[in-house]
Amino acid sequence: MDVEALLEWYEEVRRPLPWRETRDPYALLVSEVMLQQTQALRVVPYYERWLDEFPTARALAEAPVREVLALWSGLGYNRRALALQRAAAHVAEHGWPSDLTELPGVGKYTAAAVSSFAWDRDMAAADTNVRRVLTRREGLEIDVSARADELLPRGRAAPFNQAMMELGATVCRPRNPDCAQCPVERGCLRLVITPARRVKPTKFEDTDRWARGRVIASLLAGEPFPLDGERLERVLVGLERDGLIVRDAAGRPQLP
Ligand code: SF4
């Protein structure tokens, strides 16, 4: 794969996303956790509000859980916000570990992304987009992480990782890749990998993810829950297990 062509293309097309303008590992960790399930353009206002409110790991570590959840509200998967706060508490107390996967909620991909963007460590960050690009180009049987590591130009991990992610997000998209615009089109196998369709899509309102989000939103707003009965109890048990709610002496749920 022509990595130089990829890097040149990225310089021309890169979107000016705010986390691309910083080397602060805390801000980068915030962005990566927010980006785990949400598209970049939707994340921007959340990211900016978050850093206005919690500009440092210590500020986040010391914030009340209620404020953390209120600011996260709308991004979904509230557990990520709590894990981020626990990671911030670790950093505030002990500093940054050399292996970021020691932080709560930080997996191999996030550790590589933050390490390369903040400290130029030569670590390839293979997210879903990067995995798709490399598999389409080089075949289903390749070891994607090993291949990304092999391609990574030493000393330029940050632009390489950004370029690979941008390629997957904007050109080598899940459906209808735009091969005519692709900077690494030469030599590509162009394997057709169509994302699996769900046979019967579930309505979002029927999912526990929706219900968990609504329960937290109701507690934040001091409003009644929009569900009841066994479903509510099941959701409350899950939220309590994840540390997102506690019960008072009478068993009533509330935010920690
Ligand atoms: Fe993806 Fe097409 Fe580029 Fe191959 S040529 S990497 S399939 S966009």
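So, where is the place of L140? L140 sits in the loop between α8 and α9. Keep that loop in mind, as I'll come back to the neighbourhood in a minute. Before anything else, a reminder that what we're looking at is a predicted model.

Okay, L140 first. Is L140 buried or exposed? L140 counts as exposed, because its relative accessibility is 66%, and the cut-off for that label is over 50%. If you want a sense of distance, pick Q254: L140 and Q254 are 114 residues apart along the chain, and their C-alpha atoms are separated by 48 Å.

Now move on to helix α9, residues 144–151, and find R147 there. Here's a charged side chain worth clicking on. R147 is buried, because its relative accessible area is 18% and the limit for buried is under 20%. Which side chains does R147 pair with? There's a polar contact of 2.5 Å between the side chains of R147 and E138, and another, at 2.6 Å, between those of R147 and E150. Leaving out residues up to four places away in sequence, R147 touches M1, L134, E138 and I142. So E138 turns up in that list of neighbours as well as in a polar contact.

Let's zoom out to the domains. The chain is divided into domain 1, residues 3–181, and domain 2, residues 204–254. Their centres, taken over C-alpha atoms, are 30 Å apart. As for the contact between them, ten residues come from domain 1 and nine residues from domain 2.

Next, pockets, which I guess is what most of you came for. The largest pocket holds about 790 Å³ of space. It's lined by 24 residues, and the ones nearest its centre are L35, T38, D127, N129 and A169. Which elements give two or more residues to that lining? They are α2 (25–35), α3 (40–53), α7 (108–119), α8 (128–138) and α10 (157–170). Out of these, α10 gives the most, with five residues. By class, the lining of the largest pocket has ten nonpolar, eight polar and six charged residues.

The second largest pocket comes in at about 450 Å³. There are 21 residues lining it, and closest to its centre you'll find L75, G76, Y77, R209 and G213. Two helices, α6 (78–94) and α11 (208–221), each supply at least two lining residues, and the largest share, seven residues, comes from α11. The class split here is eight nonpolar, eight polar and five charged. What I'd point out on the screen is that domain 1 and domain 2 each contribute at least three residues to this lining.

Last stop, α2, which we just met in the lining of the largest pocket. How much of α2 is buried? Ten of its eleven residues are, so α2 is largely enclosed by the rest of the structure. The buried ones are P25, Y26, A27, L28, L29, V30, S31, E32, V33 and M34. The cover over these buried residues includes α3, α4 (57–62), α5 (65–72), α6 and α7. At the N-terminal end of α2, D24 acts as a cap: one of its side-chain oxygens lies 3.0 Å from the backbone nitrogen of Y26. And Y26 is itself one of the buried residues.

That's my tour. Over to you for questions.

Key
Residues are numbered from 1 along each chain as its sequence is written. This is a predicted model: local features need pLDDT of at least 70, side-chain atom pairs count only at pLDDT 80 or more; totals for chains, interfaces and linings use all residues. Side-chain values use heavy atoms; hydrogens and water are left out. On a 1 Å grid over the protein atoms alone, a cavity is a set of points where a 1.4 Å probe fits but cannot get out, and a pocket is an open set with protein on both sides within 12 Å along at least five of seven lines; lining residues have an atom within 4 Å of a point. Grid points are joined across faces, edges and corners, and a volume is the space filled by probe spheres set on the points. Helices (H or I, at least four residues) and strands (E, at least two) are DSSP runs, numbered from the N terminus. Ala, Val, Leu, Ile, Met, Phe, Trp, Tyr, Cys and Pro count as nonpolar, Asp, Glu, Lys and Arg as charged, and the others, Gly among them, as polar. Domain bounds come from an automatic or database domain assignment. Buried means under 20% relative accessible area, exposed over 50%, partly exposed in between (1.4 Å probe, protein chains only). A polar contact is a pair of N or O atoms within 3.5 Å; within protein, one must be able to donate a hydrogen and the other to accept it, and residues adjacent in sequence count only if both atoms are side-chain atoms. Contact means heavy atoms within 4.5 Å.
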